[in-house]
Amino acid sequence: SGSGSGSGSRSGSGSRSGAAGPTHNPDGFYDLQMCKHGQWTAVRVDDFFPCRPGKGGPVFSQANGPELWVLLLEKAYAKLHSSYFALRSGMCYEGLMDLTGAPTLHKRFDEEPCTFEELLRYDRNQFLVCCSTPGQDAMSEGGRPDGGSSGGLVPGHAYTLIAAKRLEGGAHAGAELLQIRNPWGNFEWDGAFSDNSPQMDDPETRRLLYDD
């Protein structure tokens, strides 16, 4: 299995209330399929995960409730690459190819233009879209250098693009906005159009963003 720091801890059942059929293997073994170098490969993992000594939580990914699939997927991917720490950094599109087997499109904004119309089209057609910022991420695992709790975009960090929207009315009509998610769940954007920004004082702007 993939290596990692900290002690190991076996998961609970991982079953979901009301789900049809078994949602966990009582023997604790799972086979996952990864498309590495264009070939689908079976990766077998158990349900022991590296945890922080004394704290009890997983060192790496966290499940959203009583779910196993996120931790199992990460462990299988780590095993495929020899360790958890080998998964640091890298390009989003490479991960999408490994997980889906589907072709991907990679664009660098400093090398070729990407118009907002393209992003709207990707959103409209329900593409899986990731994005990343330039630089080196020194915040996600070690906290903010200044010890603060708020912030904007983290350098060298990957995000999920949830939605692209152009405001059609209100005080900020014509504004082009991207809704992105930080997979680490920290350092929420606090600039223009953030939850407590002056732009969100306009009721029509809030309606267009939250009620559609």
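These are my notebook entries on a few spots I looked up in this predicted model.

**Ground rules**

I number residues from 1 along each chain as its sequence is written, and side-chain values use heavy atoms, with hydrogens and water left out. Since the model is predicted, local features need pLDDT of at least 70 and side-chain atom pairs count only at pLDDT 80 or more, while totals for chains, interfaces and linings use all residues.

**Entry: the β2–β3 hairpin**

I began with strands β2 (residues 29-36) and β3 (residues 39-46); strands here are DSSP runs (E, at least two residues), helices are DSSP runs too (H or I, at least four), and both are numbered from the N terminus. β2 and β3 pair in the antiparallel sense over eight bridges, where pairing needs at least two DSSP bridges between the strands. I looked up one bridge: glutamine 33 has alanine 42 of β3 as its partner. The two strands form a hairpin with two residues between them. In that turn, I found histidine 37 with a positive phi of about 55°.

Which residue does arginine 44 meet in a salt bridge? The partner is aspartate 31, with the closest N and O atoms 2.7 Å apart. A salt bridge here is a side-chain nitrogen of Lys or Arg within 4 Å of a carboxyl oxygen of Asp or Glu. Arginine 44 sits in β3 and aspartate 31 in β2, so the pair ties together parts that are 13 residues apart in sequence. Aspartate 31 is partly exposed at 48% relative accessible area; my classes are buried under 20%, exposed over 50% and partly exposed in between (1.4 Å probe, protein chains only).

I also checked lysine 79, which is found in helix α1 (residues 69-80). Its C-alpha atom is 7.7 Å from that of valine 43, although the two residues are 36 apart along the chain. Lysine 79 is partly exposed, at 36% relative accessible area.

**Entry: more salt bridges**

I noted that the structure holds nine salt bridges. In helix α4 (residues 203-210), arginine 207 and glutamate 204 meet at 2.8 Å, N to O. They are three residues apart in the helix, which means a separation of about one helical turn. As a reminder to myself, an α-helix has 3.6 residues a turn, so residues three or four places apart point the same way. Arginine 207 is partly exposed at 36% relative accessibility, and glutamate 204 is partly exposed at 29%.

Salt bridges that share partners join Arg108, Asp110 and Glu111 into one network. Within it, I looked at glutamate 111 and arginine 108, whose closest N and O atoms are 3.3 Å apart. Glutamate 111 counts as exposed at 61% relative accessibility, whereas arginine 108 is partly exposed at 38%.

**Entry: threonine 205**

Is threonine 205, also in α4, buried or exposed? It is buried, with a relative accessible area of 0%. Its side chain makes a polar contact with the side chain of aspartate 202 at 2.7 Å. I count a polar contact as a pair of N or O atoms within 3.5 Å; within protein, one must be able to donate a hydrogen and the other to accept it, and residues adjacent in sequence count only if both atoms are side-chain atoms. Leaving aside neighbours within four places in sequence, threonine 205 has contacts (heavy atoms within 4.5 Å) that include Leu167, His172, Phe193 and Met200.

**Entry: helix α3**

Next came helix α3 (residues 116-124), whose buried residues are Phe116, Glu118, Leu119, Leu120 and Tyr122. These buried residues pack against β6 and β7 (176-181). Glutamate 118 caught my eye, being buried at 16% relative accessibility. A polar atom of its side chain lies 2.9 Å from the backbone nitrogen of threonine 115. Not counting residues up to four places away in sequence, glutamate 118 touches Lys107 and Pro113. Just after α3, I found glutamine 126 with a positive phi of about 60°.

**Entry: a nonpolar patch**

I closed with a nonpolar surface patch of about 370 Å², made by Leu153, Leu178, Ile180 and Trp189. Patches are made of residues with over 30% relative accessible area and no salt bridge: like charges are joined within 9 Å, and nonpolar side chains (Val, Leu, Ile, Met, Phe, Trp, Tyr) within 5 Å. The areas come from the Shrake-Rupley method with a 1.4 Å probe; for residues, only the protein chains shown count as cover. Leucine 153 is in the loop between β5 (130-132) and β6 (158-166), and it is partly exposed at 45% relative accessible area.
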